[in-house]
Structures are given as structure tokens and as C-alpha cells.
Amino acid sequence: MLLRLVALLACLAGPALAESVSFPANSQYEGAPVTLDATLQGPSGPGPHPAVILMHGCGGLQPAVAEALDIHAKALNDAGFVTLVLDSFGPRGIGGGHVCETYERLRKARSYRMQDAHDAKAFLLSQPQVDGANIFVMGQSNGGSVTIRLSQRDTREFRALAAYYPWCGAFNRLGAKAELTTPLIVFGGDADDWVPPDDCTTITAEGADYAVHIYPGAAHSFDLQIPEQTFQGHLVGNNPEAETDSRAKMIAFFKSHLAGP
């Protein structure tokens with residue numbers, strides 16, 4: 001009876017407190033070793049629980065981005081997922097929009113951040129509350145382009161992936177076709193003048209589930225809690241309908257691809 005009461009109280013306690021964690025990156029940056037920073041949070045109770053790695057865009061983990069990812073994380077926690085909000089740029093000293101400024105920086109970031117995702121997965125596999133068979137990735141903008149790259153690896157390394165307003169030119173494809181190894185859901189806005197979603201909607205993906213949702217009137221960064229404004233010459237800002245609907249669809253997509261009972 002006492003054990004049942006303890007278990008019930010744990011279930012009612014809500015998400016565990018957020019914990020700042022760090023772990024080594026397997027790729028150096030400009031010849032120097034990197035230690036990645038992240039925020040770990042999850043449902044109460046021992047689990048094991050499925051887990052989601054959340055990756056920021058090219059602007060880095062700025063306050064508005066951190067707030068948006070925290071909102072996503074709490075919704076995922078409520079849905080039964082452990083979350084790991086990963087900071088790829090702060091530890092490398094390149095936050096604040098530095099990566100956004102050139103295509104070459106964006107390209108390089110997509111490459112080393114794919115390894116960051118695997119380093120984050122390795123960290124999660126070391127956590128007893130995490131179900132290692134059910135690790136997912138969600139990324140915004142440049143982080144979303146990273147998930148597109150991950151969806152086309154030779155083997156399926158994550159259960160499913162979600163890309164928020166990514167550059168869909170990141171697909172490796174033959175003509176209008178792309179071969180996926182991992183299920184992928186993409187969210188974009190038809191008012192996005194930074195990475196217009198045309199490439200996301202015209203591509204035909206085979207090999208794994210592929211879903212695209214484009215929101216009328218939504219600009220880039222539509223899940224950030226900021227009014228529409230210009231950032232580095234492009235329109236960004238919140239669209240409440242797109243933010244709410246995409247989050248619900250992401251959680252449903254991840255749940256539909258859980259392994260096991």
C-alpha cells in the first residue's frame with residue numbers, strides 16, 4: 001500500500017526540476033575541444049521515458065529562443081518525454097547570430113551539429129530515466145536543417161525527427177525525390193522570407209514517413225514569443241496558431257513512432 005502511495009505521489013508531482021548538464025563533444029571546433037551545455041528535464045518517476053533533443057537555430061540560444069524551447073520542453077514533459085535543450089553555439093563562443101551571417105558558417109554548423117545530436121544521444125543513453133530505444137530530435141531553423149540531414153543517414157539513428165522552419169535545401173535528393181531512413185515532420189510558414197518552404201512541399205520523400213505542414217501568414221521563428229520584427233533583414237515573430245498546432249502535431253507524430261508497447 002505504501003509503495004502504491006509513493007508511486008501515485010510521484011505521478012502527481014509533475015515534471016522534475018530542470019538540471020544544467022554538460023558533456024564532451026566528439027568534434028573539435030577550430031582545433032579546440034568543446035564541452036556542450038544542455039538543460040535536462042523530464043516527467044517525475046524513474047521511467048524509463050522516451051526523450052527529445054531540442055536544437056536551436058542559427059541565432060543560438062538567445063533569451064527568446066531559450067524561452068520557446070523551454071515551452072516546447074514543458075509540453076513534451078507533460079506528454080511523458082524527457083527533454084534535453086542543447087546549446088551548440090554558446091560553448092563554441094559563436095552565439096548571437098554569428099552563424100546566421102554567412103552560408104559557409106551555416107553549412108559548417110549543419111555538419112558539426114549532426115555530431116552534437118549524436119553526442120547528446122550518447123549522454124541520454126547514460127541516464128537511467130531515459131528509454132534508449134526512443135530518442136527523438138526537434139530542431140528550429142538551422143537545427144531543423146540538421147534533422148533533415150539526420151533523416152537521411154544510412155541507418156535509422158533516432159525514432160523520429162521534427163524540423164521547424166528549416167532550409168529544405170538540406171535534403172540530399174535525386175531530382176525531386178529524397179530517400180529517408182527516419183520519419184520526419186516539417187513545419188513552415190508561407191510568409192517565411194528567410195527559408196521559403198517551397199522545397200519542403202515539392203519534394204517527394206520515400207523510405208520513411210514524411211509530413212509537411214505550412215501555416216498561412218506565419219513567418220520564420222513563428223514559435224518564439226516575440227512580435228513580428230526584422231532580424232538580419234528577414235521577418236521573424238510569433239504566430240499563435242502555428243505555434244500551438246505545430247507543437248500538438250509534433251507530440252502526436254513522436255508518439256506515433258514510439259518503439260515498444
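Start by selecting Cys168: at 2% relative accessibility, this cysteine counts as buried. Keep in mind as you go that you are looking at a predicted model.

**First stop: the Cys168 disulfide**

Now add Cys200 to the selection. A disulfide joins Cys168 to Cys200, with the sulfurs 1.9 Å apart. Turn on the S-S torsion and you'll get 100°, a right-handed link. Trace the backbone either way from here: Cys168 sits in the loop between β6 and β7 (177-179), while Cys200 belongs to helix α5 (residues 198-202), so the pair ties together distant parts of the chain, 32 residues apart. Cys200 is buried too, with a relative accessible area of 2%.

**Second stop: the other disulfide**

How many disulfides does a search of the whole structure find? Two. For the other one, pick Cys58 and Cys100, whose sulfur atoms are 2.0 Å apart. The torsion about their S-S bond is about 105°, so this disulfide is right-handed. It links distant parts of the chain, 42 residues apart: Cys58 is in the loop between β3 and α2 (63-78), and Cys100 is in the loop between β4 and α3. Buried or exposed? Cys58 is buried at 7% relative accessible area, and Cys100 counts as buried at 9%. Number the bonded cysteines in sequence order and the pairing reads 1-2, 3-4.

**Third stop: the sheet**

Switch to cartoon and colour the strands. Eight of them form an open sheet with mixed pairing, and walking across you meet β1-β2-β4-β3-β5-β6-β8-β10. Select 19-24 (β1) and 210-215 (β10) to see the edges: each has a single partner strand, so one side of each is left without a neighbour in the sheet. The twist from one strand to the next averages 20°.

Next, highlight β3 (residues 49-55) and β5 (residues 130-140), which run parallel and are joined by six bridges. To pick out a bridge pair, click Met55 and look across to β5, where its partner is Gly139.

**Fourth stop: two helices on the sheet**

Select residues 103-125 for helix α3, which packs on the sheet and touches β1, β2 (35-41), β3, β4 (82-87) and β5. The direction of α3 makes about 150° with that of β3. Then select residues 240-256 for helix α6, which also packs on the sheet, touching β3, β5, β6 (161-164), β8 (184-189) and β10. Here the angle to compare is with β6, and it is about 165°.

**Fifth stop: α2**

Go back to 63-78, helix α2. Put a distance between its end C-alpha atoms and you'll get 22 Å, which agrees with the 22 Å that its 16 residues should span at 1.5 Å a residue. Show side chains for Val65, Ala68, Leu69, His72, Ala73, Leu76 and Asn77, the buried residues of this helix. An α-helix has 3.6 residues a turn, so residues three or four places apart point the same way. What do the buried residues of α2 pack against? They meet β2, β3, β4, β5, β6 and α6. Step past the helix to Gly80, where phi is positive, near 100°.

**Last stop: Gln127**

Finish in the loop between α3 and β5, where you'll find Gln127. Gln127 is buried, with a relative accessible area of 18%. Show its side chain along with that of Ser126: the two side chains make a polar contact at 3.0 Å.

How values were computed:
Residues numbered from 1 in each chain as written. Predicted model: local features only at pLDDT ≥ 70, side-chain atom pairs only at ≥ 80, totals over all residues. Heavy atoms only, no water. Pairing = 2+ DSSP bridges. Helix = DSSP H or I, 4+ residues; strand = E, 2+ residues; numbered from the N terminus. Axes fitted to C-alpha atoms, helices over the stretch in contact; angles between N-to-C directions. Contact = heavy atoms within 4.5 Å. Disulfide = S-S within 2.5 Å. Buried < 20%, exposed > 50% of the residue type's maximum accessible area, 1.4 Å probe, protein only. Polar contact = N/O pair within 3.5 Å; in protein donor to acceptor, adjacent residues only side chain to side chain. Expected span 1.5 Å × (residues − 1).
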